[in-house]
Amino acid sequence: MNQLGIAFSFKRTQLLILFVLFLGISHAHEKPVLLKDLEQGNRGCNVTEMVSSGNKAFFVANDGITGNELWMTDAQSAGTVLVSDLCPGNCGSSPKHLINVDGVLFFTAYESSKGTEIWKSDGTKEGTFRVKDINKGGSNVSPDHLTAFKGKLYFTANDGKNGTEIWVSDGTDKGTMLLKNLDNGKGDSNPIGLIEYDNYLWFFSGNNQNGYKIWKSDGSTDG
């Protein structure tokens, strides 16, 4: 089984991406080598948010031209490329919360016309797109706490109508929906700490005034 090892090194304050392709455990102590210098200068490319999905590794970096954007690599220099400049120019879409859900990469990203929303990518420019405009015509929905559960993405978001609640997505616009309004109104139930355990999705919900309580869900609205 091939494994992709990832390490980092600083040289003259420049962040260099170092990848080691292991062929089994016996190669686990090979010296890392520079794969690609993304930022041709001495400022560093600020690599963050690394996650593997399929046979690729995705990460966020700033090459000094496009700002913080989504990149991918197949462990080859030629295959280490910018996936898409989601916020054209050097503004940067600042992708965050990268997560692999059954081979599909989900993440949050900023777009000037829509704010921060849930996105997905298959590693191609054409296959990288916003999953849903959760708050149409509104401000950022503040998606957070992205969690994989039963082959779907669960996360928290505010659609401007129900407050901050748990949402679920199968990667399509139609299949991205509010799971349940726990506060039964426009107030926030503020779910945090989402985690899968014993075939349930567990989380805390509440506020600082009334305290937080533990909830669990089987992933359905009624459950």
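**Exercise 1. Classify Asp-102 and His-97 by exposure and backbone.**

Asp-102 is exposed, with a relative accessible area of 67%. The scale: buried is under 20% relative accessible area, exposed is over 50%, and partly exposed is in between (1.4 Å probe, protein chains only). This is a predicted model; local features need pLDDT of at least 70, side-chain atom pairs count only at pLDDT 80 or more, and totals for chains, interfaces and linings use all residues. Residues are numbered from 1 along each chain as its sequence is written, and side-chain values use heavy atoms, with hydrogens and water left out.

- Step 1. Place Asp-102: it sits in the loop between β8 and β9 (104-111). Strands here are DSSP runs (E, at least two residues), numbered from the N terminus.
- Step 2. Check its phi: about 50°, positive although Asp-102 is not a glycine.
- Step 3. Turn to His-97, in strand β8 (residues 96-101). Its phi is near 60°, again positive in a residue other than glycine.
- Step 4. Read its exposure: His-97 is partly exposed, at 29% relative accessible area.

**Exercise 2. Work out the sheet that contains β17.**

- Step 1. Order the strands. An open sheet of 3 strands runs β16-β17-β18, with antiparallel pairing. Two strands pair if DSSP finds at least two bridges between them.
- Step 2. Find the edges. β16 (192-197) and β18 (211-217) each have a single partner strand, so one side of each lacks a neighbour in the sheet.
- Step 3. Take the twist. Neighbouring strands are turned by 20° against each other on average, direction ignored.
- Step 4. Inspect one pairing. β16 and β17 (residues 200-207) are antiparallel over 4 bridges. Tyr-197 stands opposite Tyr-200 in β17.
- Step 5. Add a side chain. Lys-216 lies over the face of Tyr-200, at 4.2 Å from the ring centre. The test: NZ of Lys or CZ of Arg within 6 Å of the ring centre and within 35 degrees of the ring normal.

**Exercise 3. Find and type the aromatic pairs.**

- Step 1. Count. The whole structure holds 2 aromatic pairs. Rings of Phe, Tyr and Trp (its six-membered ring) pair with centres within 6.5 Å; planes under 30 degrees apart are stacked, over 60 edge-to-face, the rest tilted.
- Step 2. Type Phe-149 and Tyr-154. Their centres are 5.5 Å apart and their planes at 65°, so this pair is edge-to-face. Phe-149 is buried at 0%; Tyr-154 is buried at 3%.
- Step 3. Type Phe-203 and Trp-215. They are stacked: 6.4 Å centre to centre, 10° between the planes.
- Step 4. Locate this pair. Phe-203 lies in β17 and Trp-215 in β18, so the pair ties together parts 12 residues apart in sequence.
- Step 5. Compare exposure. Phe-203 is buried at 5% relative accessibility, whereas Trp-215 is partly exposed at 35%.

Technical notes. Axes fitted to C-alpha atoms, helices over the stretch in contact; angles between N-to-C directions.
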